[in-house]
Structures are given as C-alpha cells and as structure tokens.
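Trainee: Could we go through the side-chain contacts in this one together? I would like to begin with the rings and then turn to the cysteines.

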Amino acid sequence: MLEGLLGKKIGMTRLFIEGIDVPVTVIKAGECKVVQKKTLDKEGYEAVQLGFAEKKSARTTKPMQGHFKKSGKECYYHTKEFSGQDLDSYKTGSVVNCSDIFEVGEFVDISGNSKGRGFAGVVKRWGFSGGPASHGSKHGRTGGSIGQSATPSRVIKGMKMPGRMGGKLSTIQNLKVVGINKEENILLIRGAVPGATNSLLVIKKALKKPQVLKKTENKVEEK
C-alpha cells in the first residue's frame, strides 16, 4: 500500500459528530494515475510515481509527453513519488483512489504551500503587541531595537523582523480523517490545512501518531 496521495483543497465546512460541531476541510484526493514505477533493479529503490490533475497534451512539453505516453494518453500538471509496501500490486496506467489508501478514523500529515501574505510587519508576521497608542508615542507598530552596541555589535541570526510572510511549504501533522466519499474521491479532514482553495496538497499517513499510540499501548500493558 502506498503511503500517500496527491489532492486538491476544495474548501472548508462543518460536520456534527455526536452533537459536536466539528470544522472539516474538504479535499479532492485520488484518481491519481500510476505514471511510472521505480524498481530496485533499475533505479535502486522502490517507489510509485503518481500523476494528478489532467491537462491537455498541447500544454505539455514534448519530453513530458513521451514520459506520460508510457502509461496512457493523459498528461498531468503534477507528479510525485510515493513509497510504500507491496508495490508490485500497482501497475503502470492503473488508477489509485483515496479509499484505497485511507480509512475513516486514521491520522494523516498534510503538506501544502501556505497563503502568501506579501511583505508584512512584525505585528502581523510575528504577533508583536506594538508600542503605546497614546499621543506623542513614536513607537507604533515598529519592531524596536534589534542589535547590540559593543558586543557582539551585530544582529543575531533568527531575529524576528519584517519580511515576506507565507508562501512557504507547510505541514500539519496528526489530522484525523472523519469522512470519505468513495464515489467522488472526497476526504473530510478535521481541522484546517495549509494553502488556498484549489491548491495542491500532499496527504500522507501520519508518521508520529502511530508511534505515540504504540507507546501508550505498551504503558497500559506494563501496568
């Protein structure tokens, strides 16, 4: 089984689960086509390359047209490799859906490019409180002092200052799958995920959550 899939953020809504209002993110995941299989004999490792979001061949470069032609006639905007177990069951040209990888109740890690906010000051970017707002104060929303005079007479690396905000790869871990629509290949994820509407997302099985559960089970058994 593959460790993840590509998807597209549709938006957010809410579900009532056992009378509790739960915010959920709707993700169109699946219908990913197996474009290429990496093997130990040829590439030195095992992986499956998936294609997502079909596009016209006229908008695809000729080298990529030749690459996609090996798996079929369709071309795709996005491709990504995923590792996993028992990859022999995946054939080039086959389609992978979200219900084949994920189940309701399990936890996933989701990565995407966060919304770009442009150049932002320290109040918006880092949550600084700013200076006094009374008459005569010239501090306002500025960052204040940033360096030292004699020692070490420089600005320390990592200083929180104004700059470009957002537009970076961000990962949210341990998000719970609360619903799956097999017909439409829709995942309902509890909570918010990075990115704007229609942005690309990478959904993978959680790395840390299974380890935490195993540790908890061992502690219970020891008691």
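Trainee: How many aromatic pairs does a search of the whole structure find?

Mentor: This is a predicted model, and a search of the whole structure finds 1 aromatic pair. Phe 68 and Tyr 76 form that pair, with 5.9 Å from centre to centre.

Trainee: What is the angle between the planes of Phe 68 and Tyr 76?

Mentor: The planes are 70° apart, and the pair is edge-to-face. That label applies because the angle is over 60 degrees.

Trainee: Is Phe 68 buried or exposed? And Tyr 76, buried or exposed?

Mentor: Phe 68 counts as buried, at 1% relative accessibility. Tyr 76 is also buried, and its relative accessible area is 8%.

Trainee: Which charged end sits over the ring of Phe 107?

Mentor: That of Lys 209, which lies 4.7 Å from the centre of the Phe 107 ring.

Trainee: On to the cysteines. How many disulfides does the structure hold?

Mentor: The structure holds 0 disulfides. Cys 32, for instance, is in none, and the nearest cysteine sulfur to its own is that of Cys 98, 9.3 Å away. A disulfide needs the two sulfur atoms within 2.5 Å, so Cys 32 and Cys 98 do not qualify.

Trainee: Why is Cys 75 not bonded to Cys 32?

Mentor: Their sulfur atoms are 16 Å apart, which is too far for a bond, although Cys 32 holds the closest cysteine sulfur to that of Cys 75.

Trainee: Are these two residues, Cys 32 and Cys 75, buried or exposed?

Mentor: Cys 32 is buried, with a relative accessible area of 0%. Cys 75 counts as buried too, at 3% relative accessibility.

Methods:
Residues are numbered from 1 along each chain as its sequence is written. This is a predicted model: local features need pLDDT of at least 70, side-chain atom pairs count only at pLDDT 80 or more; totals for chains, interfaces and linings use all residues. Side-chain values use heavy atoms; hydrogens and water are left out. Rings of Phe, Tyr and Trp (its six-membered ring) pair if their centres lie within 6.5 Å; planes under 30 degrees apart count as stacked, over 60 as edge-to-face and the rest as tilted. Buried means under 20% relative accessible area, exposed over 50%, partly exposed in between (1.4 Å probe, protein chains only). A charge sits over a ring if NZ of Lys or CZ of Arg is within 6 Å of the ring centre and within 35 degrees of the ring normal.
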